[in-house]
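Subject: Structure handover

Hello,

Here is the structure for your review. My notes on side-chain contacts follow below it.

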Amino acid sequence: MAEDTRAGVARQLLHGRALKDDGRKLHGKGFVDGDVEADGHGRENGNGNGNGNHNRTDVKDKRLRGLLVFAQTLENDLNSLEASLSRDVFNFAFATVNGNGTFKDLESHIATFPTKLSAGARQKAQELDGKATEIWNVGTRLKRSLPEKDDQEIDDDGASSKCWQKRKELKDVLVMVRMFAFLVLDCANECDNPAAYLHIGSGDKNNDKGEKARGNLLRLMKVGIKTGRDCLSMYLSHTWAPERMLEFGNGTLIIMCWTDEQKTDYAVKVLERLAAYSEALLPAYESFGKLEEKAICARLTAEYFVLRTLLAWRQDDMQLAEHMFNKSKASKHLFDHATTESLSDTLYEMGKALLEKGQHALAVKWLERAYEVLNGDELDKLSVDATELRVSIIQTLVKALLHEKTTESIRRARDLVGLLEAELGDRLVVFLLKLELLIEIPNEPFDGLAYSAILNKMTRVMVINPRNLRLFMFHVRKLHEKAPSKACTVLDEMIRLRIKELAVMMEWLEKAILTRIWMTVSGRDTNESSAVTEGFLSIIAENVEKHIGVEATMAAHTLLWKKIEESYGLGQYATAEKWCRLAMHKLFLTPGEENMAKIARKLLLCALGRGEFDCARDVFGSMSDTAKEEPLTRFLMYKIAIRSGDVELAAECLEKVTSCSEDPTLLFACVLDAQKAGNKNIVLDALWMVLDKCGYGAREDVYLPSIIRTIIILLVGVIESEGSPTNKTGENIEKLCKLFEGALHAVQKAQNRELWTILELEWFSKNSYNLSLKHLSVWEPQQSIRMLASCIGFIDCHPQDIGQEAHDDVTLRKMFCNFCAATTFVSIARAEENVEIQLQSYLNLRKHVTSFHHLLQKKLEKLDEEIAEDLLRKFSVLLAFDFEAACRLKDWDGLGEIILRARVFLIMMLKKITNVSWEIEDFDTIKLSKYMRCLFQAALGNDDKIAEELINQVCMLAADAVETDIPYPTQELEWLATKSFNHAIDLYSANQDDVCKRWAEKSIVIAGYCVDGGSLQRFLRERFEGLRFDVKL
């Protein structure tokens, strides 16, 4: 009875034949590849017989009820998912999932799974077992239905890659399904209380119950080992992905958050149960079990230690891992082939992960153990997977040994590779390991010949698929780093031998082409390199039905352009032309038009550099119509035309170049090139043709300022190169004047000034001024006048908001133009016999004088003293010419204004003379006083401001002279005081009281310096005090 008080009664499971490989259940017991058999009553769906539904209504334990409901829901959803996958071939539509979050809830049910149910749960033990069995079996079938990994799909097809990612995510869900099923099976077993019958022997009447209890625990150990292995495998494959999201077709999202701690907890939970099973079963089988059952139990216990080894390593407890490995090895004599493979695979995964972490010594240790475990079994009796596992172990072990870089490790790696080669022969893995040996062995010269020989063997035996091609191309690039020429030869040989197979894999064929071109252009240039590469491309072109893609062609052109530019920069025009021809290979017939035009233009440059103009014309003729019309192409043909004397072609090309309004510098390049070639007349004539065609009107396809500037530059060069004036010179000067006048007219009638910028206006203004000034004494006066008028016109077209400094600059230039024009007009008028023309010249002269005077008045006070003096001197000259012109024009009224302007000028000059004289130390004070009187008399009444300044200056002079031997003359002081006082009285009479007071005070101050005992000062003060000023309220 003591045993009846435990968690429940153990359920008997029949032992017999296993399931078939397709997963369908037979009548009886056992399971294969993870399918769990039905209970002893033969139930397969877990619903039980008729009384199962009746019992369900009697369940009062809420936890048990919730567990059963969730198990049923999970089973239904898994069946629905299985149906969806079978219909849609893994398209992940999952249309049958109703969005109730079953799979999301699965994680929480595992985490909160009840450790113990009530005593009433014993009645539901069989139902729980049936539900768990069905869930396990459906999950196993789903796992088998998942597609295997396809390298090509994953690497080359984005949609397939996404499908593969979803496969991994669904696989994780199925691991959780197995975990849940195992927990339910364990719960059902506890409810049946198997421990009460484990030690019942054959002589007991309850012997059947004892066998059933032991068989059920043995079954749970098998399921637990599978579950534990799945949990740890999940750990292996997802340490990099802490959070994933699985999306179903109906919008349901399953959030998968696998943390390291959670994965470890799952594995620990399973292994804890396995430890309990093992501790319970081993003594029971020792006492009552059959020999076969004892062996199975011992083997499962050994597999349990294998999992414990893996778990300890995942927990970074290497000491415990070592201990668990030794315990599993202690039972090695009980291993069957599957257990051997499992242990070896576990050790391999550990060693592989340690190698990835850079722990090379530990990796070698565990990989050697994996190799020893697997090698210790009968290899011919192991599965096909075991053979592949052995190869993988050796391959990874060799890599780990090479990383250690010791003499012993290198020797061991050589031995393993030799062993593998002896067993497998010319297999890809053998070749790869031999290549690794050649690269990684330290302190030995690289054997490029042996490396290339291995790659050539690979070329002949490897299966053409993306994975193998990727490996091959990787090692070709490795060889290129050490021996570039041999790498090119290897790739050429591969293309020659396997082109028929590669012809249907255009993406990889394009990669091979780009790699070959990259190796060629990055290596040392030889006379044969371009020819060999062309042969490589020709082999491909002869065996493929379509050209390579646009992206690959553009990439190839980018690589080849580097070589083209390098050769051209070194002046190796023939070599550069070869590379250009290679870039235009018939294999590259679908590139961008821009690339082909660029390469063709480089061919034109090469032909130009070699002086082969006929070859250049052939290249030009082979270009597309669009490429021919590009400005850069026309510019190059223009250079060729002027060197070959083809004037018509030069004119045609120039007209096309001028249509590029956004880049006027190209037109200047034509000018510079014409100057370099010594054909100025050709380009000048051509530009005149363009200008005559477009006129001076605004056109969208012509940048008019650039054309006119270019012609002006060339025309000035022709004029200055002619030396002595000729008839041709006069014609050219006339053309020059027309150019400036035409440009000015175009500016004036332009509706907007976007075309004629400030920089353009400045260029035309400065050049017209400089040219007229430079040739003023050589050119005809009328030609100089026209140039000066153009300069003034361009200045007047300047906007007002150009800045003060720029405004001052153009104002001075305009004044200089007015001065030059006035002097030129006076010379024309004096020499002209025709009275009408003479008078018109004088009239124009007066206009320029008036303009000069107007600008001078506005700027004089703001100018530097030196510039102001220069302008005043020029103005004095212009006043004389203006007086002459007014007399000739009989403008008698204008003479008075001229004299007034001259008087102001005279006052300013006298003031300047006085200031300079006072600075001379030995200058006579008496003479200075006479100058001051003259200045004062001239200024008084005409410019009171100057007169007032003179009074102040006299006061200063008189004060300074008191301390000298020659005082300021009293007679002059009396005259100035009297004149100043009388002027004050005049201001008093004019009701200008404030100014009157100021002048009166100045006269009294001057009188104070008179040597008369102060009589004049007292007299003036009395008279001033007698004045009555109006009081303003």
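Lys774 is exposed, at 53% relative accessibility (exposed means over 50% relative accessible area, buried under 20%, partly exposed in between, with a 1.4 Å probe and protein chains only). Its salt-bridge partner is Glu720, at 2.9 Å from N to O (a salt bridge is a side-chain nitrogen of Lys or Arg within 4 Å of a carboxyl oxygen of Asp or Glu). This pair links distant parts of the chain: Lys774 is in helix α32 and Glu720 in helix α30, 54 residues apart (helices are DSSP runs of H or I, at least four residues, numbered from the N terminus). Glu720 is partly exposed, at 42%.

A word on the basis. This is a predicted model, in which local features need pLDDT of at least 70 and side-chain atom pairs count only at pLDDT 80 or more, while totals for chains, interfaces and linings use all residues. Residues are numbered from 1 along each chain as its sequence is written, and side-chain values use heavy atoms, with hydrogens and water left out.

Salt bridges

The whole structure holds 44 salt bridges. Glu760 and Arg709 form one of them, with the closest N and O atoms 2.8 Å apart. Glu760 is in helix α32 and Arg709 in helix α30 (residues 704-721), 51 residues apart. Both residues are buried.

Arg581 and Glu577 form another, at 3.4 Å from N to O. Both lie in helix α22 (residues 573-583), 4 residues apart, about one turn of the helix. Arg581 is partly exposed, at 44%. Glu577 is buried, at 14%. A network of salt bridges links these two with Arg610 and Glu612.

Aromatic pairs

There are 10 aromatic pairs (Phe, Tyr or Trp rings, the six-membered one for Trp, with centres within 6.5 Å; planes under 30 degrees apart are stacked, over 60 edge-to-face, the rest tilted). Phe70 and Phe180 pair edge-to-face, at 5.3 Å between centres and 80° between planes. Phe70 is in helix α2 (residues 62-88) and Phe180 in helix α6 (residues 158-191), so the pair ties together parts 110 residues apart in sequence. Both rings belong to buried residues.

Phe740 and Phe764 are also edge-to-face, at 6.1 Å and 85°. Phe740 and Phe764 are both buried. They belong to one aromatic cluster with Trp756, Trp763 and Phe794.

Charges over rings

The charged end of Lys511 sits over the ring of Trp508, 4.0 Å from its centre (NZ of Lys or CZ of Arg within 6 Å of the ring centre and within 35 degrees of the ring normal). Arg516 lies over the face of Phe536, at 5.5 Å from the ring centre.

Best wishes

Definitions and conventions. Helix = DSSP H or I, 4+ residues; strand = E, 2+ residues; numbered from the N terminus.
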